[in-house]
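Q: Could you take me through one part of this model in detail? I'd like to see how the helices sit against each other.

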Amino acid sequence: MQGAGRGARPASAVEPENVAGRRRLAQLLQANASFGEGETALVEAAGQYGRVLELEPDDRISLIALGQIYGRLGKPEDAIRIWSRFVE
């Protein structure tokens, strides 16, 4: 699965408002973090989830995932802030 997110990047760049595409790219990057791409992939995934939340602030999938990523990156305050949005 390593590198799986790379193929999705051009589509996301061409269609910047494509929420589903950005969410899928973020999911692939998050998965890549478990297969050797580590923190770099998590940071990229966080950016994509953040963009999804700019477009759809109540996207529950992205809120959960972004909170998890912040936890893995050692950013508990950011994780709490995101998870608080989830429970609102």
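In which hand does α2 pass α3: left-handed or right-handed?

A: Keep in mind that this is a predicted model. The crossing of α2 past α3 is left-handed. Helix α2 covers residues 19-55, and its axis lies 9 Å from that of α3, with a packing angle of about 135°. That angle makes α2 oblique to α3. On the α2 side, the contact takes in Arg 23, Gln 27, Gln 30, Ala 33 and Ser 34, and further along Leu 42, Ala 45, Ala 46, Tyr 49, Gly 50, Val 52 and Leu 53. They meet a set of α3 residues that includes Ile 61, Leu 63, Leu 66, Ile 69 and Tyr 70. Sorted by type, the residues of this contact come out as 13 nonpolar, six polar and two charged.

Now for the other partner of α3. Helix α3 (residues 60-72) and helix α4 (residues 76-87) have axes that come within 8 Å and cross at roughly 160°, so the two are roughly antiparallel to each other. This crossing is left-handed too. From α3, the residues involved include Arg 60, Ile 64, Gly 67 and Gly 71, while α4 brings in, among them, Ala 79, Ile 82, Trp 83 and Phe 86. Here the split is eight nonpolar, three polar and four charged.

One detail to zoom in on is Arg 60, which lies over the face of Phe 86, at 4.0 Å from the ring centre. As for rings pairing with rings, the structure holds zero aromatic pairs.

Terms used
Residues numbered from 1 in each chain as written. Predicted model: local features only at pLDDT ≥ 70, side-chain atom pairs only at ≥ 80, totals over all residues. Heavy atoms only, no water. Phe/Tyr/Trp six-rings, centres within 6.5 Å; stacked < 30°, edge-to-face > 60°. Lys NZ or Arg CZ within 6 Å of the ring centre and 35° of its normal. Axes fitted to C-alpha atoms, helices over the stretch in contact; angles between N-to-C directions. Helix = DSSP H or I, 4+ residues; strand = E, 2+ residues; numbered from the N terminus. Parallel < 35°, antiparallel > 145°, perpendicular 65-115°, else oblique. Left-handed = near helix turned anticlockwise from the far one by under 90°. Contact = heavy atoms within 4.5 Å. Nonpolar A, V, L, I, M, F, W, Y, C, P; charged D, E, K, R; others polar.
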